[in-house]
Number of protein chains: 2
Amino acid sequence: MAREIAFIAALRAFADDPAARGLMDDAAVLPRPGGDLVLTHDMLVEGVHYLSGDAPADVAWKLVSVNLSDLTAKGAVPLGVLLGYAMTEDAAWDSAFAEGIGAAASALGVKLLGGDTVRMPTGAPRALGLTAIGQAPPSGAPSRAGAKAGDRLWVSGTVGDAGRGLAIRLGRAQGDAALVDRYLRPQPRLALGQALAPLVTAMADVSDGLLIDARRIAHASGCAIAIDLGAVPLSGPYVAASGADGAARITAATSGDDYELLFTAPAAMDGPVLAAAGAANVPVVPVGLCTAGEDITLTLAGEAVDLPAHLGWLHE
Amino acid sequence: MAREIAFIAALRAFADDPAARGLMDDAAVLPRPGGDLVLTHDMLVEGVHYLSGDAPADVAWKLVSVNLSDLTAKGAVPLGVLLGYAMTEDAAWDSAFAEGIGAAASALGVKLLGGDTVRMPTGAPRALGLTAIGQAPPSGAPSRAGAKAGDRLWVSGTVGDAGRGLAIRLGRAQGDAALVDRYLRPQPRLALGQALAPLVTAMADVSDGLLIDARRIAHASGCAIAIDLGAVPLSGPYVAASGADGAARITAATSGDDYELLFTAPAAMDGPVLAAAGAANVPVVPVGLCTAGEDITLTLAGEAVDLPAHLGWLHE
């Protein structure tokens with residue numbers, strides 16, 4: 001991990017355009033005369049980001065959806081995607097993957113515009129890349145840096161499901177198939193992100209874990225965030241598999257891959273936030289409060305809880 | 001190669017947005033209120049597109065320049081690039097590569113806006129991707145499909161140098177170091193592409209070879225193109241190494257990686273074309289004539305020459 005951080009730090013020296021947002025945000029935001037563009041590129045590598053045995057249609061879905069999730073945090077409307085596909089020796093896999101890209105693009109409402117297809121040397125793992133381009137809302141693309149003391153911290157849907165789903169898939173835990181599906185087939189919150197963008201002061205997608213993504217918002221915004229673990233939304237299948245005690249809530253709040261939206265808004269926006277969530281048909285709940293200070297703090301039933309050693313995935 | 005073609009054909013079924021141009025062009029062209037955007041994504045894989053021993057700064061240069069070359073063919077002004085970097089175990093390589101990306105972006109006048117850094121499994125080759133975004137000219141982005149009977153076919157600079165440079169690098173041929181440099185450090189013709197865009201009827205960059213890229217223009221435009229091999233521009237170092245007879249000219253016209261511009265324009269545009277080339281300080285010469293019919297034909301000193309079996313690289 002230190003090597004990735006060093007590499008990104010070296011690149012940051014050259015990424016001095018404001019659109020790059022210091023390579024710290026979910027996506028680049030490029031001002032254009034017709035409205036800001038949102039640009040993101042995420043990769044998946046066989047054996048690193050997915051298992052060699054995963055179905056090609058699931059891998060294709062994940063590649064499209066994790067990139068679109070970066071657009072959701074900016075409230076962007078997807079304009080298209082470019083695919084970078086490094087194929088290996090399995091023609092049936094290629095064919096199923098191409099079908100999967102088409103199915104995911106169609107289901108998620110985005111067009112395949114182009115890209116590149118290359119061949120890996122024999123025996124090498126597949127490396128897949130996708131670039132997603134979106135149109136920012138007229139109100140501007142939210143960043144992670146706008147939270148203010150007094151704002152609430154909200155999260156959409158439920159968290160912890162995908163992390164539990166991965167554990168089930170790896171044979172390390174039991175639980176409902178819906179949890180595995182949540183891991184394999186993330187649903188980017190496109191409509192919700194578009195509806196929330198004009199209302200929020202900061203927004204991010206929960207790719208690495210609620211706590212670590214909340215810490216990033218706190219750091220970028222220069223405020224503290226007090227998080228009520230008891231308010232962290234858990235699904236029925238998650239509670240059935242893991243329970244709902246403090247440990248289960250910490251696990252849920254430090255799991256990645258849920259791709260929910262985490263955002264801050266002043267309390268005066270409660271009504272519009274709930275209306276936006278209703279219109280997008282995705283529940284949202286307040287889970288914390290921004291205050292003066294720095295970093296995140298946790299409580300459960302009014303008692304302070306120590307921060308866990310690991311707040312989430314640190315893979316970037 | 002058949003597998004790549006089958007994969008792209010499968011994707012094409014889903015790439016039905018006009019912006020995708022049927023996945024047949026150098027880049028996607030996406031209409032936007034503030035002017036069309038040009039989008040391209042090309043990958044380089046270690047051991048496939050470059051040699052493991054190549055200097056990381058050269059690999060970085062090639063990654064940026066081949067993507068920008070796709071923009072040149074559309075007359076686009078680069079707006080930025082996103083990097084997808086799959087790192088391996090060599091931290092010194094990473095560091096030199098990051099420096100090289102910065103140096104290439106700076107020299108070529110484009111900003112690094114974002115991207116993703118991942119790690120390959122131990123022992124796997126590096127896979128590198130870059131997305132380039134550009135602004136199309138107000139006159140619109142040229143395609144490969146607009147050539148008309150009566151138009152001249154022009155090419156910029158000289159061809160064959162990079163192909164000879166690769167052969168030298170592989171120990172299969174002798175020649176001047178300038179030829180190797182041409183292979184390692186292609187120069188995308190950005191200023192020339194921007195100056196020519198309003199004047200041309202079709203334009204492409206010569207990534208795979210003059211003859212194959214000319215055939216693609218002929219096919220896309222529904223015309224024939226008669227090419228005079230004697231007019232194909234050769235550099236001094238190329239002629240010193242390979243000579244300038246018919247065989248040397250066929251080799252030059254079927255070599256890839258030169259990244260020159262190949263374009264068509266009506267004879268009435270000769271003056272403006274030459275003025276644009278003068279302003280961009282890159283020579284251009286007419287090498288053929290579009291006629292009614294289909295495919296390309298070759299002549300040398302007025303005599304018909306059979307098409308070679310291989311017109312260039314068919315890697316896509």
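Author: A helix, in what follows, is a DSSP run of H or I with at least four residues, and helices are numbered from the N terminus. The model is predicted, and in it A:Asn281, just after helix 10 of chain A, takes a positive phi of about 60 degrees. Helix 4 of chain A is likewise followed by a residue with positive phi, A:Gly171, whose angle is near 75 degrees.

Reader: Which residues of helix 10 of chain A are buried, and how do you know that they line one face of the helix?

Author: In helix 10, residues 270-280 of chain A, the buried residues are A:Asp270, A:Val273, A:Ala276, A:Ala277 and A:Ala280. Seen down the axis of helix 10 of chain A, these buried residues fall within an arc of 130 degrees, so they line one face. What covers them includes strand 6 (152-156), helix 6 (190-196), strand 9 (261-265) and strand 10 (284-291) of chain A.

Reader: What do the buried residues of helix 4 of chain A pack against?

Author: The buried residues of helix 4, which spans 161-169 in chain A, are A:Asp161, A:Ala162, A:Arg164, A:Gly165, A:Leu166 and A:Ile168. They pack against helix 5 (177-184) and helix 8 (236-242) of chain A. A:Asp161 also belongs to a network of salt bridges that links it with A:Arg182, A:Arg189 and A:Glu260.

Reader: Why is B:Val180 called buried?

Author: The relative accessibility of B:Val180 is 16%, and the cut-off for a buried residue is under 20%, so B:Val180 counts as buried. B:Val180 lies in helix 5 (residues 177-184) of chain B, and, leaving aside residues up to four places away in sequence, B:Val180 touches B:Gly165, B:Ile168 and B:Arg169. The C-alpha atom of B:Val180 is separated by 27 Å from that of B:Gly75, a residue 105 places away along the chain.

Reader: Why, then, is B:Arg152 called partly exposed, and what makes its pairing with B:Asp270 a salt bridge?

Author: B:Arg152 has a relative accessibility of 26%, which falls between the limits of 20% and 50%, so B:Arg152 counts as partly exposed. The closest N and O atoms of B:Arg152 and B:Asp270 are 2.6 Å apart, which is within the 4 Å cut-off, and therefore the pair is a salt bridge. B:Arg152 lies in strand 6 (residues 152-156) and B:Asp270 in helix 10 (residues 270-280) of chain B, so the pair ties together parts that are 118 residues apart in sequence.

Reader: How do you know that B:Arg215 and B:Asp295 meet both in a salt bridge and in a polar contact?

Author: The salt bridge of B:Arg215 and B:Asp295 has an N to O distance of 2.9 Å, which is within 4 Å, so the first test is met. The side chains of B:Asp295 and B:Arg215 also make a polar contact at 2.9 Å, where the cut-off is 3.5 Å. B:Arg215 lies in helix 7 (residues 210-221) and B:Asp295 in strand 11 (residues 295-300) of chain B, so the pair joins parts that are 80 residues apart in sequence. Among the other residues that B:Asp295 touches are B:Ala218, B:His219 and B:Leu307.

Reader: How many salt bridges does the structure hold over all chains, and where in the chain do A:Arg126 and A:Glu46 lie?

Author: Over all chains there are 25 salt bridges. In one of them the side chains of A:Arg126 and A:Glu46 meet at 3.4 Å, N to O. A:Arg126 lies in the loop between strand 4 (112-119) and strand 5 (127-135) of chain A, and A:Glu46 lies in the loop between strand 2 (37-45) and helix 2 (56-72), so that the pair links distant parts of the chain, 80 residues apart. A:Arg126 and A:Glu46 are both buried.

Reader: What makes up the contact between chain B and chain A?

Author: The contact takes 63 residues from chain B and 64 residues from chain A. The two chains bury about 5200 Å² between them, 70% of it on carbon and sulfur atoms. On the side of chain B, B:Arg3, B:Phe7 and B:Leu113 lose the most area, together 15% of what that side buries.

Reader: How do you know that B:Glu4 and A:Arg119 form a salt bridge?

Author: Their side chains meet at 3.3 Å, N to O, and this is within 4 Å, so the pair is a salt bridge. The count between chain B and chain A is 4 salt bridges, and 9 residue pairs are in polar contact across the interface.

Terms used
Residues numbered from 1 in each chain as written. Chains lettered and ligands numbered in written order. Heavy atoms only, no water. Contact = heavy atoms within 4.5 Å. Buried area = accessible area lost by both parts, 1.4 Å probe. Polar contact = N/O pair within 3.5 Å; in protein donor to acceptor, adjacent residues only side chain to side chain. Buried < 20%, exposed > 50% of the residue type's maximum accessible area, 1.4 Å probe, protein only. Helix = DSSP H or I, 4+ residues; strand = E, 2+ residues; numbered from the N terminus. Arc of directions from axis to C-beta.
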